[in-house]
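Colleague: Please give me a close look at a single part of this model, and then follow what lies around it. I would like one connected account rather than a list.

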Amino acid sequence: MLFVDNGGITDAHLNLALEEHVLRHRMGDDDLLLFYVNAPAIIIGRNQNTIEEIDPDVVAARGIRVVRRVSGGGAVYHDLGNLNFSFMTRDVRGRFNRYDRFNGPVVEVLRELGVPAEIGGRNDILAGGRKISGNAQFATADRMFSHGTLLLDSNLDDVTAALRPRPGKVESKGAKSIRSRVANISEFLAAPLSVDELRERILDRIFGTRDRARIPTLPLGDDDWRAARELRDRKYGTWEWNYGENPPSNVQRARRFTAGEIDARLDVQQGRLAGVRLFGDFMGRRDVSEVEALLLGVPHTREAVEGALAGVDLADYFGDIPREEVLALVAP
């Protein structure tokens with residue numbers, strides 16, 4: 001494994017751009033580990049409807065950036081009290097949606113610090129039943145990353161105010177608020193710990209040293225930073241990527257499953273699907289826009305929808321949500 005040093009950058013737009021650039025263009029045969037810390041930001045899951053996940057007035061008043069990531073899952077909050085990690089690998093087979101394959105060293109460090117950390121839920125690290133880390137994954141045909149947050153000493157008041165939990169998600173978790181479901185790692189520590197020290201402890205666990213001269217590192221050159229900034233300007237820093245148009249729809253169906261929520265917005269004109277958007281915090285390997293494209297122009301009948309998606313492995317797009325359940329949300 002090689003360490004990737006982001007140079008202390010705290011711009012969420014640039015850090016997410018760097019992460020994607022490194023995955024796509026700088027991976028050799030070695031696994032990679034990237035850390036980054038962001039100034040206050042809400043990081044939206046790839047398939048989520050941004051405006052329904054945030055409180056725009058709070059976001060604007062508190063100067064919180066909103067950035068969409070390429071991985072699925074739900075919205076998370078980042079600030080300077082939150083450490084983010086990203087494990088990158090070419091070994092994709094059997095690893096997608098298997099967070100235990102990546103988060104073991106993180107959990108071990110937390111337990112050494114006295115935190116009762118355990119992998120729980122579909123993609124979380126929990127302490128005392130409360131979420132201290134949310135995780136998500138993104139994969140191409142031959143490589144992937146598994147990235148996550150570590151809420152060390154974040155402003156949980158901002159988390160509560162800026163994020164809007166969807167009613168179905170709150171009910172499914174038997175909780176009344178985001179604040180009751182999340183915790184800072186600092187709440188479980190006997191002594192104060194900085195974000196930098198937490199990062200160093202994880203590095204020590206993985207590489208057996210904190211000495212940068214002894215840690216194998218993937219060097220980033222001027223060309224890498226130029227490419228990352230270009231990707232930020234073209235994608236991560238744009239309204240079109242982070243918010244996007246909320247398309248017209250005259251049919252809406254939403255349902256929450258163990259593997260995530262699907263919110264189907266359909267525009268049915270003269271009996272055909274003139275517009276299809278599939279929002280949610282589900283976690284699939286492939287881009288759900290491919291499914292949306294297959295359904296455009298298709299008659300809005302069960303038979304026609306099933307025919308359009310025949311031979312398509314919907315688990316690649318929606319994870320472990322049963323095929324029949326997906327079809328029931330899209331077809332009459």
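Modeller: A helix here is a DSSP run of H or I with at least four residues, a strand is a run of E with at least two, and both are numbered from the N terminus. The model is predicted.

I begin with helix α8, then go by way of a cavity to strand β10, the part for the close look. R234 and E230 both lie in helix α8, which covers residues 222–236, and they are four residues apart, about one turn of the helix. They form a salt bridge in which the closest N and O atoms are 2.9 Å apart. R234 is exposed, at 53% relative accessibility, whereas E230 is partly exposed at 40%. Side chains of opposite charge can pair when their charged atoms come close. A further pair is R232 and D233, whose closest N and O atoms are 3.0 Å apart in a salt bridge. D233 is exposed, with a relative accessible area of 52%. R232 and D233 also belong to a network of salt bridges that takes in D11 and R65.

The cavity is the next step. There is one cavity of 30 Å³ or more in the model, and the volume of the largest is about 30 Å³. Its lining consists of L16, E19, E20, R69, V70, F145, H147 and Y236. Helix α1 (12–25) and strand β10 each supply at least two of these residues, and α1 gives the most, with three. By class, four lining residues are nonpolar, one is polar and three are charged.

Now to β10 itself, residues 144–151, where eight of the eight residues are buried. Buried means under 20% relative accessible area. In a regular strand the side chains alternate between the two faces of the sheet. In β10, M144, S146, G148 and L150 point one way, while F145, H147, T149 and L151 point the other way, and all of these are buried. F145 and H147, from the second set, are also among the residues that line the cavity.

β10 has strand partners to either side of the account so far. Strand β6 (residues 82–89) pairs with β10 in the antiparallel sense over eight bridges. Strand β9 (residues 130–139) also runs antiparallel to β10, joined to it by five bridges. S146 is a useful place to look in the viewer: F87 stands opposite S146, and Q137 stands opposite S146 as well. The cavity-lining residue F145 has F138 opposite it. The connection between β9 and β10 is a hairpin with four residues between the two strands.

β9 is largely enclosed by the rest of the structure, because eight of its ten residues are buried. It pairs with strand β8 (residues 124–127) too, in the antiparallel sense and over four bridges. Within that pairing, I125 stands opposite S133 in β9. β8 and β9 form a hairpin with two residues between them, and G128 in the turn has a positive phi of about 60°.

One loop residue is also worth a look. M27 is in the loop between α1 and β2 (32–36). With a relative accessible area of 7%, M27 is buried. Leaving aside residues up to four places away in sequence, M27 touches V22, L32, M88, T89, R90 and R143. M27 and L2 are 25 residues apart in sequence and 9.9 Å apart in space, C-alpha to C-alpha.

Last, back to the salt bridges, of which the model has 33. One of them is between E112 and R205, with the closest N and O atoms 1.8 Å apart. E112 is in helix α4 (residues 100–112) and R205 is in helix α7 (residues 195–207), so this pair ties together parts that are 93 residues apart in sequence. E112 counts as exposed at 55% relative accessibility, while R205 is partly exposed, with a relative accessible area of 36%.

Definitions and conventions:
Residues are numbered from 1 along each chain as its sequence is written. This is a predicted model: local features need pLDDT of at least 70, side-chain atom pairs count only at pLDDT 80 or more; totals for chains, interfaces and linings use all residues. Side-chain values use heavy atoms; hydrogens and water are left out. Buried means under 20% relative accessible area, exposed over 50%, partly exposed in between (1.4 Å probe, protein chains only). Two strands pair if DSSP finds at least two bridges between them. On a 1 Å grid over the protein atoms alone, a cavity is a set of points where a 1.4 Å probe fits but cannot get out, and a pocket is an open set with protein on both sides within 12 Å along at least five of seven lines; lining residues have an atom within 4 Å of a point. Grid points are joined across faces, edges and corners, and a volume is the space filled by probe spheres set on the points. Ala, Val, Leu, Ile, Met, Phe, Trp, Tyr, Cys and Pro count as nonpolar, Asp, Glu, Lys and Arg as charged, and the others, Gly among them, as polar. Contact means heavy atoms within 4.5 Å. A salt bridge is a side-chain nitrogen of Lys or Arg within 4 Å of a carboxyl oxygen of Asp or Glu.
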